[in-house]
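The following note is offered to a colleague who wishes to examine the structure in numbered points. Each point takes up one site or contact in turn.

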Amino acid sequence: MTALLTSPTARVKWLAAPSSAAWLEQALAHPELVLIDHAHCERKAAGVALQLMFRYPSDAELGALLSPLAREELEHFEQVLQLLQGRGTPLRPLPAPAYGATLTAAVRRGEPQRMLDSFLVAGLIEARSHERMALLAAHSPDAALRDLYGTLLASEARHFGLYWLLAEGRYGREVTVARLEELAAVEVQALSGELASVEAVRMHSVGVERAGSGTP
Ligand SMILES: [Fe+2]
Ligand SMILES: [Fe+2]
């Protein structure tokens, strides 16, 4: 399975636009908010994998792939929690950006489309997390945060590769790529616009380069 997950097929390009310099600047200015939000993201990523296992309980392949993924996300959650606790920062609820809800709303209701869209939405979220964690790992002035984001990166890359393989294996490359392009456009739309306030910065708050804007 490891060989499959690192195959060229798994390295498909997911994101339709890169994150903006403005997002990185906002995230670096509020590392604690992003870290708390990140803990919630890991918990939610485990929940997404579990939800799929509950929705399709007799699907052995799906269970075999998603159960370890869910466990890994919970381990990430614990790692972030430990760092927060070490800093005396309590985990607290944070209002989520519209991102997740916007993507979930794009999932078609009837099967088999619902399953395909669910895989692709989960993969897109993983891909964006991976991209933004890479930015934080490269640019955080805080060494502990650089380390944390740096160690989590490889898993997130594996996770979107895994969702890709689940989608392509069942729906074929042509159908999967066509739908991924549509959902990737929704994902960029969900990250477009201006941040309402500095406290609204999150792992998936707005901030993407506009196509053709030419600004970094
Ligand atoms: Fe994770
Ligand atoms: Fe992940």
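**Notes on the structure**

1. Helix α6 holds both glutamate 131 and arginine 128, which are three residues apart, about one turn of the helix. Their side chains meet in a salt bridge, with an N to O distance of 2.9 Å. Glutamate 131 and arginine 128 are both buried. The model is a predicted one, and the points below should be read accordingly.

2. Eleven salt bridges are found in a search of the whole structure. One of them joins aspartate 59 to arginine 170, whose closest N and O atoms are 2.6 Å apart. This pair links distant parts of the chain: aspartate 59 belongs to the loop between α3 (31-55) and α4 (60-86), arginine 170 belongs to helix α7, and the two are 111 residues apart. Aspartate 59 has a relative accessible area of 18% and is therefore buried, the limit being under 20%. Arginine 170, at 30% relative accessibility, counts as partly exposed.

3. A further salt bridge is formed by glutamate 168 and arginine 173, with 3.3 Å between the closest N and O atoms. Glutamate 168 is buried, its relative accessible area being 19%. Arginine 173 has a relative accessible area of 44% and is partly exposed. Elsewhere, Arg108, Asp117, Arg179 and Glu182 are joined into one network by salt bridges that share partners.

4. Which residues donate to the iron ion (ligand 1)? The protein donors are Glu42 (OE), Glu73 (OE), His76 (ND1) and Glu156 (OE), and they lie 2.0 to 2.3 Å from the ion. In sequence, the spacing of these donor residues is E-x30-E-x2-H-x79-E. The four donor atoms subtend angles of 86 to 138° around the iron ion (ligand 1), which makes the arrangement irregular. The reason is that a tetrahedral assignment requires all angles to lie between 85 and 135 degrees.

5. Two of the donors of the iron ion (ligand 1) are Glu73 and Glu156. Glutamate 73 is in helix α4 and glutamate 156 is in helix α7, so the pair ties together parts that are 83 residues apart in sequence. Glutamate 73 is buried, with a relative accessible area of 0%. Glutamate 156 is likewise buried, with a relative accessible area of 2%.

6. The iron ion (ligand 2) is coordinated at 1.9 to 2.6 Å by Glu73 (OE), by Glu126 (OE), which is listed twice, by Glu156 (OE) and by His159 (ND1). The donor residues follow the sequence spacing E-x52-E-x29-E-x2-H. Among these donors, glutamate 126 lies in helix α6 (residues 113-139) and histidine 159 in helix α7 (residues 143-171); the pair links distant parts of the chain, 33 residues apart. Glutamate 126 counts as buried at 6% relative accessibility, and histidine 159 counts as buried at 1%.

7. How far apart are the iron ion (ligand 1) and the iron ion (ligand 2)? They are separated by 3.4 Å, and glutamate 73 coordinates both. Glu156 also appears among the donors of the iron ion (ligand 1) and among those of the iron ion (ligand 2).

8. The next point concerns helix packing. Two packed helices are described by the angle between their axes and by the distance between those axes. For α7 and helix α8 (residues 173-190), the axes come within 7 Å and cross at roughly 130°. The two helices, α7 and α8, are therefore oblique to each other. On the α7 side the contact is made by Trp164, Ala167, Glu168 and Tyr171, and on the α8 side by Arg173, Val175, Thr176, Val177 and Leu180. Glutamate 168 and arginine 173, both named in this contact, are also the partners of the salt bridge in point 3.

9. The final point concerns glutamate 32, which has its place in helix α3. Is glutamate 32 buried or partly exposed? At 41% relative accessibility, glutamate 32 counts as partly exposed. When residues up to four places away in sequence are not counted, glutamate 32 touches Thr89 and Arg92. Glutamate 32 and arginine 92 are 60 residues apart in sequence, while their C-alpha atoms are 11 Å apart in space.

Key. Residues numbered from 1 in each chain as written. Chains lettered and ligands numbered in written order. Predicted model: local features only at pLDDT ≥ 70, side-chain atom pairs only at ≥ 80, totals over all residues. Heavy atoms only, no water. Donors = N, O, S within 2.8 Å, 3.2 Å for Na, K, Ca; no water. Helix = DSSP H or I, 4+ residues; strand = E, 2+ residues; numbered from the N terminus. Buried < 20%, exposed > 50% of the residue type's maximum accessible area, 1.4 Å probe, protein only. Salt bridge = Lys/Arg side-chain N within 4 Å of Asp/Glu carboxyl O. Tetrahedral: all angles 85-135°; square planar, octahedral: opposite > 155°, others 65-115°. Axes fitted to C-alpha atoms, helices over the stretch in contact; angles between N-to-C directions. Parallel < 35°, antiparallel > 145°, perpendicular 65-115°, else oblique. Contact = heavy atoms within 4.5 Å.
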